[in-house]
Amino acid sequence: MQDREIQHYHMTGYDAFFQEALPPIKDTLDKTLGDREGHFAMAIVEAVQNAAMYARKSPEEVAIDIDLVATESDITVKITADTKEFDVLAYRQRLGRMARDKHQREKEWADIIKGTQKSRGYFTMLMAVECLYLDVTGKSVTLCATRPYKPGHISKKIKDIVPRFMLEQNGVIIEGEDLL
């Protein structure tokens with residue numbers, strides 16, 4: 001691999017992601033990451049699905065940008081779309097309270113949501129990444145993993161995944177632990 005591989009995709013519509021961006025992204029992940037079960041790719045699909053689902057326009061009309069940067073040591077994928085606003089800080093603080101609660105911290109997310117789809121997207125992403133940066137406006141999410149990818153990073157426990165959830169504001173990363 002070169003010192004750095006950079007890919008950028010700009011597409012309109014959720015379906016375009018599967019046709020235009022996902023195949024070359026999967027090729028890059030297969031060559032560079034070593035995630036044989038595809039956990040990181042699933043996290044990317046989930047991020048794009050969230051972008052389409054919560055977009056200000058319809059899933060067919062939403063403009064989605066994806067930036068992938070693969071280096072010798074890590075890979076980052078940033079998904080950006082014009083999504084509806086939500087209180088990102090309050091959401092992260094709620095997750096922080098769960099991670100501190102001695103009864104909830106040892107649970108898996110599925111045990112907490114009990115069959116609903118509430119917040120499934122972020123937890124699907126968090127289980128597969130080393131860290132996730134969410135822009136405080138909610139308009140972009142960046143997924144990060146080190147290379148080689150280690151299945152040991154996969155965890156479903158609240159105490160393990162919530163600290164991976166960080167916020168980004170004006171290019172500054174706010175560590176997840178700083179919010180706990």
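These legends describe close-up views of a predicted model.

**View 1. Threonine 28 and its surroundings in helix 1.** Threonine 28 lies in helix 1, which spans residues 14-32. Its relative accessible area is 1%. Threonine 28 is therefore buried, since the cut-off for that class is under 20%. The side chains of threonine 28 and glutamate 5 share a polar contact of 3.2 Å. Setting aside residues up to four places away in sequence, threonine 28 touches Glu5, Gln7, Leu33 and Leu68. Glu5 thus appears in the contact list and in the polar contact.

**View 2. The two faces of strand 3.** Strand 3 covers residues 74-81. One face is covered and carries Ile75, Val77, Ile79 and Ala81. The other face is uncovered and carries Asp74, Thr76, Lys78 and Thr80.

**View 3. Strand 3 and its partners, strands 2 and 5.** Strand 2 (residues 63-71) pairs with strand 3 in the antiparallel sense, over 7 bridges. A hairpin of 2 residues joins strand 2 to strand 3. Strand 5 (residues 140-146) also runs antiparallel to strand 3, and 7 bridges join them. Isoleucine 75 marks both pairings. Alanine 70 stands opposite isoleucine 75. In strand 5, alanine 145 stands opposite isoleucine 75. Isoleucine 75 belongs to the covered face of strand 3.

**View 4. Phenylalanine 17 and phenylalanine 18, an aromatic pair.** The structure holds 8 aromatic pairs. One of them joins phenylalanine 17 and phenylalanine 18, with ring centres 5.0 Å apart. Their planes meet at 70°, so the pair is edge-to-face. How buried or exposed is each ring's residue? Phenylalanine 17 has a relative accessible area of 0%, so the residue counts as buried. Phenylalanine 18 reaches 34% relative accessibility and is partly exposed.

**View 5. Tyrosine 122 and phenylalanine 165, a pair between distant parts of the chain.** The ring centres of tyrosine 122 and phenylalanine 165 lie 5.7 Å apart. The planes are at 70°, so this pair is edge-to-face. The pair links distant parts of the chain, with the two positions 43 residues apart in numbering. Tyrosine 122 sits in helix 5 (residues 120-128). Phenylalanine 165 sits in strand 6 (residues 165-169). Both residues are buried.

**View 6. The aromatic cluster.** Which residues do ring pairs link into a cluster? The members are Phe86, Tyr91, Tyr122 and Phe165. Tyrosine 122 and phenylalanine 165 are the edge-to-face pair of the preceding view.

Note on methods. Residues are numbered from 1 along each chain as its sequence is written. This is a predicted model: local features need pLDDT of at least 70, side-chain atom pairs count only at pLDDT 80 or more; totals for chains, interfaces and linings use all residues. Side-chain values use heavy atoms; hydrogens and water are left out. Helices (H or I, at least four residues) and strands (E, at least two) are DSSP runs, numbered from the N terminus. Buried means under 20% relative accessible area, exposed over 50%, partly exposed in between (1.4 Å probe, protein chains only). A polar contact is a pair of N or O atoms within 3.5 Å; within protein, one must be able to donate a hydrogen and the other to accept it, and residues adjacent in sequence count only if both atoms are side-chain atoms. Contact means heavy atoms within 4.5 Å. Two strands pair if DSSP finds at least two bridges between them. Rings of Phe, Tyr and Trp (its six-membered ring) pair if their centres lie within 6.5 Å; planes under 30 degrees apart count as stacked, over 60 as edge-to-face and the rest as tilted.
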